[in-house]
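Me: Got a minute to go through a fold with me? I'd like to talk about sheets, helix packing and a salt bridge or two.

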Amino acid sequence: MKVLIIGSGLAGATAAAVLKDAGAEVRVIEQRPVWGGQLRTENANGILYEPHGAHILHTADQQVWKFVTDRVEMLPYRHQVMTEVCDRLLSWPPQVSELEQLPQWADIRRELEQRPERARTTNFETWCEDIMGVTLYSLFVRPYTVKQWGTDPKNLAAQWAPKRIELRHDGYRDLFRDPYQGWPRGGYLKLIDALLRDVPVELGAGVTVESFAEYARGTDAVVLTAPLDVFFEHALGELPWRGVRLENHFIPGADHVLPCGVVNHPGLDQAYTRRIETKWMSGQTLKGTVVSYEYPGAPARHYPVEDVEGKNRGLANDYRALVTEELGPHVHLAGRLATYTYIDMDQAVRQGLNAAARILKQADV
Ligand SMILES: Cc1cc2nc3c(=O)[nH]c(=O)nc-3n(C[C@H](O)[C@H](O)[C@H](O)COP(=O)(O)OP(=O)(O)OC[C@H]3O[C@@H](n4cnc5c(N)ncnc54)[C@H](O)[C@@H]3O)c2cc1C
């Protein structure tokens, strides 16, 4: 069986590895000059950092965890985040026990007592206000959201808020509660390298609807991980994304500069939203460190925009329908770009595994 995979990010590379191991003839086409998509690790004087943003693998999916740990060694890193509010460093997500030290505590406490039983899902802002009260929302979330999305939070849908916004009463400090968490020794590129070992990859070649037939000639199945609006040359319109840019600073001689892997900066006094020190994840003991400043508003496809009217989701669904209509049922979508969704890495692996499983099942029939 011959399979074409468009895109060499985690989803495409996962599908490629599974299909190759099952005996398929696999070919990967990648538009960039390097493979791995969002997952890259670079180094400054030996200190690892991630030029496309911090990544922590966390999952409750045992099969995904086994798939990854069979290929790379995962360091037992547990991710903790702090946030700079009112000249203090506080836990993120906010811990109610720490909030008593804030000058606004009387208002915060009253608003917490008056919260409704069910949060309104009208938009992102109403949901957050009902979960944590107006004061906490204004300190921790609103300005960060304005910077991150470049719009009033009222224009954003509530649907993704529960995954990101939480108020804690239990003192649990790790950001994620998943049973499996870690960071690959040596960085994420080790994982992609392991997945693509022995797989032919053509770098620097983008596939569009124009060139698709030529690339797909003679193949039994295709895994498509490219953004569909670009792939179809914007036939139905453009799918908007919000992107981030990272500015990386090497600091010689230091062990660590930040108190943990990520420090959020919600305040509008700085344009960046967070600072990242990958050395906390990589566990390196060399002298020197890299601190990366994350600035929102870059022209990159990082976060799909879930508008409150659901217009963008509707357009993404129209593009999905176009795939079946114009390309046929042997084309399988996987990954964040093709599905126009924010997915974590475990979901990218899961989608790659599922696409490969569907293709192998069809081949058996
Ligand atoms: C700032 C940031 C931080 C994140 N942090 C975390 C985290 O802490 N934990 C976590 O689990 N997840 C995190 N994620 C999510 C994670 O990055 C993704 O889940 C994962 O990388 C998605 O892999 P993918 O293969 O779907 O997409 P991508 O990595 O984008 O790969 C798609 C590939 O397809 C290529 N391509 C696109 N179009 C074409 C074309 N037409 N022809 C050929 N090739 C094409 C692209 O160049 C790219 O290499 C984060 C994401 C961002 C943006």
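Reply: Sure, here is a quick walk through the strands, helices and one charged pair. Keep in mind that this is a predicted model.

Me: Let's start with the five-stranded sheet. What's the strand order, and is the pairing parallel or antiparallel?

Reply: The order is S10-S2-S1-S11-S16, the sheet is open, and the pairing is parallel.

Me: Which strands stand at the edges?

Reply: S10 (201-203) and S16 (331-333). Each has a single partner strand, so one side of each is left without a neighbour in the sheet.

Me: How many degrees are neighbouring strands turned against each other?

Reply: On average 20 degrees, ignoring direction.

Me: And how many bridges hold S1 and S2 together?

Reply: There are 5 bridges between S1 (residues 2-6) and S2 (residues 25-30), in the parallel sense. Within that pair, Val-3 of the one strand stands opposite Val-26 in S2.

Me: Which helix packs on this sheet, and what does it touch?

Reply: H1 (residues 10-21) does, and it touches S1, S2 and S11 (221-224). The direction of H1 makes about 165 degrees with that of S1.

Me: OK, next sheet. What's the order in the three-stranded one?

Reply: S5-S9-S6, again open, with antiparallel pairing. S5 (57-59) and S6 (74-75) are the edge strands, each pairing on one side only.

Me: How many bridges join S5 to S9?

Reply: 3 bridges, with S9 covering residues 180-184. As for partners, Leu-57 has Gly-182 as its bridge partner in S9.

Me: Where does H2 come in?

Reply: H2 (residues 62-69) packs on that sheet and touches S5, S6 and S9. Its direction makes about 25 degrees with that of S9.

Me: H2 also meets H13. At what angle do they cross?

Reply: Roughly 90 degrees, and the axes of H2 and H13 (residues 345-364) come within 10 Å. The two helices are therefore roughly perpendicular to each other.

Me: Which residues make the contact?

Reply: From H2 you have Gln-63, Val-64, Phe-67 and Val-68, and from H13 Asp-346, Val-349, Arg-350 and Leu-353. By class that is 5 nonpolar, 1 polar and 2 charged residues.

Me: How about H4 and H5, what's their packing angle?

Reply: About 160 degrees, with the axes of H4 (residues 105-113) and H5 (residues 124-149) 7 Å apart. Angles over 145 degrees count as roughly antiparallel, and H4 and H5 are therefore in that class.

Me: Is that crossing left-handed or right-handed?

Reply: Right-handed. H4 brings Asp-107, Ile-108, Glu-111 and Leu-112 to the contact, while H5 brings Met-132, Gly-133, Val-134, Thr-135 and Leu-136. Sorted by class, these are 5 nonpolar, 2 polar and 2 charged.

Me: Switching to hairpins. How do S7 and S8 pair?

Reply: In the antiparallel sense, over 5 bridges, with S8 spanning residues 88-92. Val-81 stands opposite Trp-92 in S8.

Me: Which residue takes a positive phi in that hairpin?

Reply: Cys-86, with phi near 50 degrees; the hairpin has 2 residues between the strands.

Me: Last topic, charges. How many salt bridges are there in the whole structure?

Reply: A search finds 24. One to look at is Arg-78 with Asp-174, whose side chains meet at 2.9 Å, N to O.

Me: Where do those two sit along the chain?

Reply: They are 96 residues apart, so to speak a link between distant parts of the chain. Arg-78 is in the loop between S6 and S7 (81-85), and Asp-174 is in the loop between H6 (161-164) and S9.

Terms used:
Residues numbered from 1 in each chain as written. Predicted model: local features only at pLDDT ≥ 70, side-chain atom pairs only at ≥ 80, totals over all residues. Heavy atoms only, no water. Axes fitted to C-alpha atoms, helices over the stretch in contact; angles between N-to-C directions. Helix = DSSP H or I, 4+ residues; strand = E, 2+ residues; numbered from the N terminus. Parallel < 35°, antiparallel > 145°, perpendicular 65-115°, else oblique. Left-handed = near helix turned anticlockwise from the far one by under 90°. Contact = heavy atoms within 4.5 Å. Nonpolar A, V, L, I, M, F, W, Y, C, P; charged D, E, K, R; others polar. Pairing = 2+ DSSP bridges. Salt bridge = Lys/Arg side-chain N within 4 Å of Asp/Glu carboxyl O.
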